[in-house]
Each structure stands twice: as structure tokens, then as C-alpha cells.
Amino acid sequence: MAGYALFIQHRTKPGKRDDVEAVWRKHIKPTVAANEDHVAYFYGFGEDPDSICAFQKYPDREAATAFVKTPQYAAYYEEVSPLLLGEPIITALDVQWSK
């Protein structure tokens, strides 16, 4: 199954990971749950107490672009930005196969 995926790494300000997760739960979790274009979505913590990783799989690049243009994503980004140490590291993948 081909598709398009994003691997996202966030660095939070020291001690702010739980605050970032609360903002994610408020805005992104329900939006992703309702979005049929999220074929898969994983949200987790790295070993570093100030790191968060997310993996998102979409049917295509256009679906990923559409998601970040939603009002829910804009509200999330505005609220979460002050809690992060800069922009996330985003790796885009043209999925060749998945199970």
C-alpha cells in the first residue's frame, strides 16, 4: 500500500512536554480521529523528556497539505508554538509499502 507519510520530531521547552500533549489532545487528537485521510497516526514520547514524535500516514501528499490548512491545526499551532523549542523536524516519505 503506497501513500505519503510524515515523521515529525518536536523538542519542547524544558518540562513542557505534558503541556504540549494537553494542547495536542485538545486540538489534534479529535481532528485526526475524525479525518478519514489519516490512514495511520502514532503519537509518542522519546527517551528524552522534552521530545515528542509523531508518524502520520496519508493516502497522498494533498491530504497531508489539506490537514495543515484546517482551522483546528491553526488553533493547535498558535497555542503550542510558545511551548516548543523552534520548528519541528519533519521528514516526508513517499511510502513504497506498508502493512
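This is a short guided tour of the model, stop by stop, with something to select at each one.

Before you start clicking, note that this is a predicted model, in which local features need pLDDT of at least 70, side-chain atom pairs count only at pLDDT 80 or more, and totals for chains, interfaces and linings use all residues. Residues are numbered from 1 along each chain as its sequence is written, and side-chain values use heavy atoms, with hydrogens and water left out.

**Stop 1: the strands**

Select β3, residues 51-58; strands here are DSSP runs of E with at least two residues, helices are runs of H or I with at least four, and both are numbered from the N terminus. Six of the eight residues of β3 are buried, so this strand is largely enclosed by the rest of the structure; buried means under 20% relative accessible area, exposed means over 50%, and partly exposed lies in between (1.4 Å probe, protein chains only).

Now add strand β1, residues 3-11, which runs antiparallel to β3 and is joined to it by eight bridges. Two strands count as paired if DSSP finds at least two bridges between them. To see the register, pick His-10, which stands opposite Ile-52 in β3.

Next, show β2, residues 40-45. β2 pairs with β3 over six bridges, also in the antiparallel sense, and a hairpin joins β2 to β3 through five residues. Tyr-43 has Ala-54 as its bridge partner in β3.

**Stop 2: rings on the strands**

How many aromatic pairs does a search of the whole structure find? There are seven, where rings of Phe, Tyr and Trp (its six-membered ring) pair if their centres lie within 6.5 Å, and planes under 30 degrees apart count as stacked, over 60 as edge-to-face and the rest as tilted. Select Phe-42 and Phe-55: their ring centres are 6.2 Å apart and the planes stand at 45°, so the pair is tilted. Phe-42 belongs to β2 and Phe-55 to β3, so the two rings tie together parts that are 13 residues apart in sequence. Phe-42 is exposed at 54% relative accessibility, while Phe-55 is partly exposed at 26%.

Then select Trp-24, Tyr-41, Tyr-43 and Phe-45, which ring pairs link into a cluster. Add Arg-17, which lies over the face of Phe-45 at 3.9 Å from the ring centre; the criterion is NZ of Lys or CZ of Arg within 6 Å of the ring centre and within 35 degrees of the ring normal.

**Stop 3: two helices**

Show α1 (residues 17-34) with α3: they pack at about 175°, with their axes 9 Å apart. Axes are lines fitted to C-alpha atoms, for helices over the stretch in contact, and angles run from 0 to 180 degrees between N-to-C directions. The angle makes α1 roughly antiparallel to α3, a label for angles over 145 degrees. Residues that meet across this packing include Val-20, Trp-24 and Ile-28 in α1, and Tyr-73, Tyr-76 and Val-80 in α3.

Zoom in on Tyr-73 and Tyr-76, a tilted pair with 5.8 Å centre to centre and 50° between the planes. They are three residues apart in α3 (residues 71-80), separated by about one helical turn. Tyr-73 is partly exposed at 23%, whereas Tyr-76 is buried at 6%.

**Stop 4: Phe-67**

Finish in helix α2 (residues 61-67) by selecting Phe-67, which is buried at 4% relative accessibility. Leaving out residues up to four places away in sequence, Phe-67 touches residues including Ile-28, Val-32, Tyr-58 and Tyr-73, with contact meaning heavy atoms within 4.5 Å. Asn-35 is 32 residues away along the chain, with 8.6 Å between its C-alpha atom and that of Phe-67.

Notes
Parallel < 35°, antiparallel > 145°, perpendicular 65-115°, else oblique.
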